[in-house]
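I am opening a notebook page for this structure and will write down what I look up, one place at a time. I want to go slowly and keep each entry to what I can point to.

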Amino acid sequence: MHCGEKSSSRSGIRDDTVQFVLASGSTTRRSLLGNAGLAFKCEKPRIDEAAAGNALASEGEEPRDIASALAELKARRIGQKHPDVLTLGCDQVLDFEGRVVGKSRSLEEARSTLKRLRGKRHKLHSAAVVYENFKPVWRHVSTANLAMRDFSDNFLEAYLARNDSAALESVGCYKVEEEGIRLFSSIRGDWFAVLGLPLMEFVNFLYDRGQIGK
């Protein structure tokens, strides 16, 4: 895995062992792909995700479709610069009662969001789109269903005091791979979807293309 390196080649990718470009700045996605033994480079797309998501929602798009569209937007933005290399774009959308819940911009917003979600169920849609030669060549959306505990206000305040950064960095104000797991009574579905990437399906895609040895 290599992130943030510059190159003078036509595609911007000079390492022949690189299997794809990850159009993301997410440390979690980088860790998942790196731990899977995949060779990739990272390039974060400069887009206003909140504005793009809000525009799609205002047009009546479903949360699952919004996740797919945002993943494609990221893949296209970076893939246009590296047409001869696969580019992977990803996005995760929290679906609460059919509406998208975005990241909180302050602890007060995080507090309000967690109060809305507690004691109820919501979904996480994690989308991945691969671009090659200026067009999408693969996409997948995985969905997980989560049930949040009906925790007390005291528990909530203590959680926010300990996890302020996680509350503002993640949709839903939690990281389940960290203390956020304590907020839930059950999680059903693809664990990798909860973490923000349909990893198994993407690995299968690379395998089918012959980019992972058989």
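**Entry 1: Leu-146**

I start with Leu-146, which I find in strand 7, and I keep in mind that I am looking at a predicted model. Is Leu-146 buried or exposed? Its relative accessible area comes out at 0%, and because buried means under 20%, I enter Leu-146 as buried. I then looked up its contacts, leaving aside neighbours within four places in sequence, and noted Lys-120, Arg-121, His-122, Leu-124, Tyr-174, Phe-184, Ser-186, Ile-187 and Val-194. I also looked up one pair, Leu-146 and Lys-123, which are 23 residues apart in sequence, while their C-alpha atoms are 6.0 Å apart in space.

**Entry 2: Asn-133**

I went next to the loop between strand 6 (121-132) and strand 7 (135-148), where Asn-133 lies. I wrote down its phi, near 55°, since this is a positive value in a residue other than glycine. Asn-133 has 41% relative accessibility, so I list it as partly exposed.

**Entry 3: Ser-104 and its surroundings**

I looked up Ser-104 and found it in the loop between strand 5 (99-101) and helix 4 (107-117). With a relative accessible area of 6%, Ser-104 is buried. What does the side chain of Ser-104 reach? I find the backbone nitrogen of Ala-110 at 3.4 Å from it. Not counting residues up to four places away in sequence, Ser-104 touches Glu-109, Ala-110, Thr-113, Ala-167, Leu-168 and Cys-173, and I decided to follow two of these, Ala-167 and Cys-173.

Ala-167 lies in helix 6, and its relative accessible area of 0% makes it buried. Its contacts, again without the neighbours within four places in sequence, are Ser-104, Ala-110, Leu-160 and Cys-173. I also noted that Ala-167 and Arg-105 are 62 residues apart in sequence, with 9.3 Å between their C-alpha atoms.

Cys-173 is in the loop between helix 6 (164-169) and strand 8 (184-189). At 0% relative accessibility, Cys-173 goes into my list as buried. Its phi is near 65°, which is again a positive value in a residue other than glycine.

**Entry 4: Ser-170**

I stayed with the loop between helix 6 and strand 8, because Ser-170 lies there. Ser-170 has a relative accessible area of 12%, and I therefore record it as buried. A polar atom of its side chain lies 3.5 Å from the backbone oxygen of Tyr-174. Which residues is Ser-170 in contact with, leaving aside its neighbours within four places in sequence? I found Lys-103 and Lys-175.

**Entry 5: helix 4 with helix 5**

Here I turned to pairs of helices, and I reminded myself that two packed helices are described by the angle between their axes and the distance between the axes. The axes of helix 4 and helix 5 (residues 153-162) come within 11 Å and cross at roughly 140°. Why do I call this pair oblique? Angles over 145 degrees would count as roughly antiparallel and 65 to 115 as roughly perpendicular, so an angle of roughly 140° leaves helix 4 and helix 5 oblique to each other. I noted the crossing of helix 4 past helix 5 as right-handed. From helix 4, the residues Leu-107, Ala-110, Arg-111, Leu-114 and Lys-115 meet Asp-153, Leu-156, Glu-157, Tyr-159 and Leu-160 from helix 5. By class, I entered six nonpolar, no polar and four charged residues for this contact.

**Entry 6: helix 2 with helix 3**

I looked up helix 2 (residues 49-58) and helix 3 (residues 63-79) in the same way, and found that they pack at an angle of about 140° with their axes 10 Å apart. Helix 2 is therefore oblique to helix 3, and their crossing is right-handed. In helix 2, Glu-49, Ala-52, Gly-53, Leu-56 and Ala-57 meet Ile-66, Ala-69, Leu-70, Leu-73 and Lys-74 in helix 3. This contact has seven nonpolar, one polar and two charged residues.

**Entry 7: Trp-191**

My last entry is for Trp-191, in helix 7 (residues 191-195). Its relative accessibility is 39%, so I put Trp-191 down as partly exposed. Trp-191 and Val-176 are 15 residues apart in sequence and 9.7 Å apart in space, C-alpha to C-alpha.

Methods: Residues numbered from 1 in each chain as written. Predicted model: local features only at pLDDT ≥ 70, side-chain atom pairs only at ≥ 80, totals over all residues. Heavy atoms only, no water. Helix = DSSP H or I, 4+ residues; strand = E, 2+ residues; numbered from the N terminus. Buried < 20%, exposed > 50% of the residue type's maximum accessible area, 1.4 Å probe, protein only. Polar contact = N/O pair within 3.5 Å; in protein donor to acceptor, adjacent residues only side chain to side chain. Contact = heavy atoms within 4.5 Å. Axes fitted to C-alpha atoms, helices over the stretch in contact; angles between N-to-C directions. Parallel < 35°, antiparallel > 145°, perpendicular 65-115°, else oblique. Left-handed = near helix turned anticlockwise from the far one by under 90°. Nonpolar A, V, L, I, M, F, W, Y, C, P; charged D, E, K, R; others polar.
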